[in-house]
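Biologist: Could you walk me through this model, terms and cut-offs included? I'll keep asking how you know.

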Amino acid sequence: MPLRFGDNVSTAETDYGTVLLDERAGAYWELNPTATLVVRTLLDGGEESDAAGALVREFDIDQAQAMQDVETLVQELRNSGLAS
């Protein structure tokens, strides 16, 4: 399932990753460069496996660990109400 941020979420890329603003709660979230790569891949229509592949290529990590990291990030974004 594609990742989509809610209408109440603003994003801004920085030198250190991406900042998310939950306008409903007035809370900021900061994504590091690794999470930014995952989110960008998913928002561009990629699947979780594509995001994991991007992590493996960019950061030279194990495929299983990359997939687990992607799944954890997506679950946290959805549980927080930032994404669907």
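**Helix 1 and its neighbours**

Modeller: Sure: the buried residues of helix 1 pack against strand 1 (9-14), strand 2 (17-22), strand 3 (27-31), helix 2 (48-59) and helix 3 (63-79). Contact here means heavy atoms within 4.5 Å; helices (H or I, at least four residues) and strands (E, at least two) are DSSP runs, numbered from the N terminus. It's a predicted model, so local features need pLDDT of at least 70 and side-chain atom pairs pLDDT 80 or more, while totals for chains, interfaces and linings use all residues. Residues are numbered from 1 along each chain as its sequence is written, and side-chain values use heavy atoms, leaving out hydrogens and water.

Biologist: Which residues of helix 1 are called buried?

Modeller: Ala35, Thr36, Leu37, Val38, Val39, Thr41 and Leu42. Buried means under 20% relative accessible area (exposed is over 50%, partly exposed in between; 1.4 Å probe, protein chains only).

Biologist: What makes Asn32 a cap of helix 1?

Modeller: A side-chain oxygen of Asn32 lies 3.1 Å from the backbone nitrogen of Thr34, at the N-terminal end of the helix. A polar contact needs N or O atoms within 3.5 Å, one able to donate a hydrogen and the other to accept it; residues adjacent in sequence count only through side-chain atoms on both sides. So 3.1 Å falls within the 3.5 Å cut-off.

Biologist: Why are strand 1 and strand 3 called edges?

Modeller: The open sheet runs 1-2-3, with antiparallel pairing. Each of those two has a single partner strand, so one side of each lacks a neighbour in the sheet. Pairing takes at least two DSSP bridges, and strands 2 and 3 have five.
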